[in-house]
Amino acid sequence: MKLLVVKNDYRLKKILVLARLANVLVETSFVSQDDISGIHPSAKDFLLHPANGDPIVAGVTHMAILKYIAGLIPLKSFLGADVDTSKDIEKWLEFGWKELEVPLASLDDSSPADVQVVKTDLLKALEVLDKHLASRTYVAGERMTAADISLVSAGSAAASIGVVTPSTK
């Protein structure tokens, strides 16, 4: 399958990590947002052309693509082996999106004063995640899932901008 991408960031990395773990070959091409919008007007930053002729996978976010790839290999259970685990995975994907990824995206347009507020909010979210993981290896269930991959990618992006430093770990 072919993935059209506007920029190389943590969102692409988590899609590619999940694809690799799921043994799904993804060919990546960097294009402009205009190129993506010309193919699918509602797509933003990412567009996936599955090799099997399925319709184009597009969404407002990269999460539609992440979930699509996770669902290709049900035996690996990246979206959960049972209903309860699936609900937990969805909850943590939502947490990562609202508490980590949206604030990270807002940093591009923030004033220096706002950046500090966003970094403080990101640190609080990472503390919630750290507390949850204190007694478990994975955020949901007994094996790595799409939620783990998503949260590690967003956490790594937060660390790269200095939210987590040796003094806050």
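**Exercise 1. Place the D9–R11 pair in this predicted model: what burial class do both residues share, and what joins them?**

Solution. Both D9 and R11 are buried. A salt bridge joins D9 to R11, with the closest N and O atoms 3.0 Å apart. Side chains of opposite charge can pair when their charged atoms come close.

**Exercise 2. Compare two further salt bridges, K14 with E101 and E90 with K67. Which elements do they link?**

Solution. Start with K14 and E101. Their side chains meet at 2.5 Å, N to O. K14 sits in helix α1 and E101 in helix α4 (residues 83-106), 87 residues apart. Both K14 and E101 are buried.

Now take E90 and K67. The N to O distance is 2.8 Å. E90 lies in helix α4 and K67 in helix α3 (residues 63-72), so the pair ties together parts 23 residues apart in sequence. E90 is partly exposed, because its relative accessibility of 35% falls between the 20% and 50% cut-offs. K67, at 29%, is also partly exposed.

Finish with the wider picture. Shared partners join D9, R11, K44 and D45 into one salt-bridge network. The salt-bridge count comes to seven.

**Exercise 3. Describe the surroundings of F30. Which residues does F30 touch?**

Solution. Locate F30 in strand β2 (residues 27-30). Its relative accessibility is 49%, so F30 counts as partly exposed. Leaving out residues up to four places away in sequence, F30 touches V5, V6, K7, N8 and L12. The C-alpha atoms of F30 and L4 are 5.9 Å apart, across 26 residues of chain.

**Exercise 4. Which residues form a nonpolar surface patch with V17?**

Solution. V17 lies in helix α1 (residues 10-21). V17 is partly exposed at 40%. L21 and M144 complete the patch, and the three together have about 210 Å² of accessible area.

Definitions and conventions: Residues are numbered from 1 along each chain as its sequence is written. This is a predicted model: local features need pLDDT of at least 70, side-chain atom pairs count only at pLDDT 80 or more; totals for chains, interfaces and linings use all residues. Side-chain values use heavy atoms; hydrogens and water are left out. Patches are made of residues with over 30% relative accessible area and no salt bridge: like charges are joined within 9 Å, nonpolar side chains (Val, Leu, Ile, Met, Phe, Trp, Tyr) within 5 Å. Accessible areas come from the Shrake-Rupley method with a 1.4 Å probe; for residues, only the protein chains shown count as cover. A salt bridge is a side-chain nitrogen of Lys or Arg within 4 Å of a carboxyl oxygen of Asp or Glu. Helices (H or I, at least four residues) and strands (E, at least two) are DSSP runs, numbered from the N terminus. Buried means under 20% relative accessible area, exposed over 50%, partly exposed in between (1.4 Å probe, protein chains only). Contact means heavy atoms within 4.5 Å.
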